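Biologist: I would like a close look at one part of this model, with the terms spelled out as you go.

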Amino acid sequence: MVHQQRSQARLSPSGDTEDMAELTTLLAPRLAYFAGVARTEHVTRAAQEMNVPQSTLSRAMARLEQDLGVDLFARHGRTVSLTTAGRTFLASVERALAEIERAAEEVRADADPATGKVAFGFLHTMGAETVPGLLHAFRADHPRVRFSLVQNYGEAMLERLRAGELDLCLTSPVPDAPDLVARRLDEQKLRLVVPADHRLAARRRVRLAEAAEETFVTLEPGYGLRRIFDDLCREAGFKPRVAFDGEEAETLRGLVAAGLGVALLPPPTVPRPGVVELAVTAPRAVREIGVAWLADRPDTPPVAAFKKFLLSRRGNLLPG
């Protein structure tokens, strides 16, 4: 009866979240002790195996039962046996402890200098050639380091960086935020992409202002390249007419080839039929590429090694 009253005091019928969190905090440190006693069915032997004083272990088990409001053990002199409630509790405790052990092994493995993991984000436009080349060069000296690769636009990657889902990301523009560290690595020239039969297609170079009356296809608002595009058009003295917003540069090239507009894009990995790519002489049309990481977050050895490698490629990040 006493246990039942304590149970009602500890576990409210409503299952209040704060009450359950408090109970979890109380129980968690004693779960391994409970599993040890349950396995040996002997407090003294369990104390010896776990290298803790027997008195500490006995008090921990008594407090555990008190907090739960349930008898987990039946005492028989120096030995104990699990009650029905104890057997039910043990099954869940063993699963919980196994999951904790698995999680510990996973984070240790991810931090291993030779075989650890790097969560690396990068822009879609760098996925076909730049990033594969970087990974190939890095793994010449770190052949067993593993990578979790994420392709996205800049702001989305920075959100994942802040959420702890990424260790490093290549992005553009180079972010300037107090919670991030960012380093400029390279710059990439942007080109005016026009259909092969366009009035400017015979040219090699063009001022962006010469396209002021054109219809543009470009990336959606929120993309770094879209912000650069808007800024360059403003600097050139016009507000662009945008017919299509897209999410991927090669799709935009396809729209240009179909005669649906012109675009300001970084160079393609492979030349695209049906379009002509013109150098922009004014304003200076480039995008800076940088690497960013969260300030004050300690690096695991594989992340530190890859960060050092990326910084060593400053000015030589992009394929020639």
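By the distance rule for cysteine sulfur atoms, to how many disulfides does the count come? After that, please take me through how helix α4 packs with helix α5, together with whatever helps to place that contact.

Modeller: This is a predicted model, in which local features need pLDDT of at least 70 and side-chain atom pairs count only at pLDDT 80 or more, while totals for chains, interfaces and linings use all residues. Residues are numbered from 1 along each chain as its sequence is written, and side-chain values use heavy atoms, with hydrogens and water left out.

The count comes to zero disulfides, where a disulfide is a pair of cysteine sulfur atoms within 2.5 Å. Among the cysteines, C169 is buried at a relative accessible area of 0%, and C233 is likewise buried at 0%; buried means under 20% relative accessible area, exposed over 50% and partly exposed in between, with a 1.4 Å probe and protein chains only.

As for the helices, which are DSSP runs of H or I with at least four residues, numbered from the N terminus, α4 spans residues 43-50 and α5 spans residues 54-68. They pack at an angle of about 115°, with their axes 9 Å apart; an axis is a line fitted to the C-alpha atoms over the stretch in contact, and angles run from 0 to 180 degrees between N-to-C directions. That angle makes α4 roughly perpendicular to α5, a term for 65 to 115 degrees, whereas under 35 is roughly parallel, over 145 roughly antiparallel and the rest oblique. The crossing of α4 and α5 is right-handed, in that the near helix is turned clockwise from the far one by less than a right angle.

At the contact itself (heavy atoms within 4.5 Å), V43, T44, A46, A47 and M50 of α4 meet Q54, L57 and S58 of α5. These residues divide into five nonpolar, three polar and no charged, where Ala, Val, Leu, Ile, Met, Phe, Trp, Tyr, Cys and Pro count as nonpolar, Asp, Glu, Lys and Arg as charged, and the others, Gly among them, as polar.

Helix α3 (residues 31-40) has seven of its ten residues buried, so it is largely enclosed by the rest of the structure; the buried residues are L31, F34, A35, G36, V37, A38 and T40. Just after α3, E41 takes a positive phi of about 55°.

For comparison, α7 (residues 130-138) and α11 (residues 301-312) also pack at about 115°, with their axes 11 Å apart, and their crossing is right-handed. There, L134, L135, A137 and F138 of α7 meet P302, A305, F306, F309 and L310 of α11, a contact made by nine nonpolar residues, with no polar and no charged ones.

Key
Helices (H or I, at least four residues) and strands (E, at least two) are DSSP runs, numbered from the N terminus.
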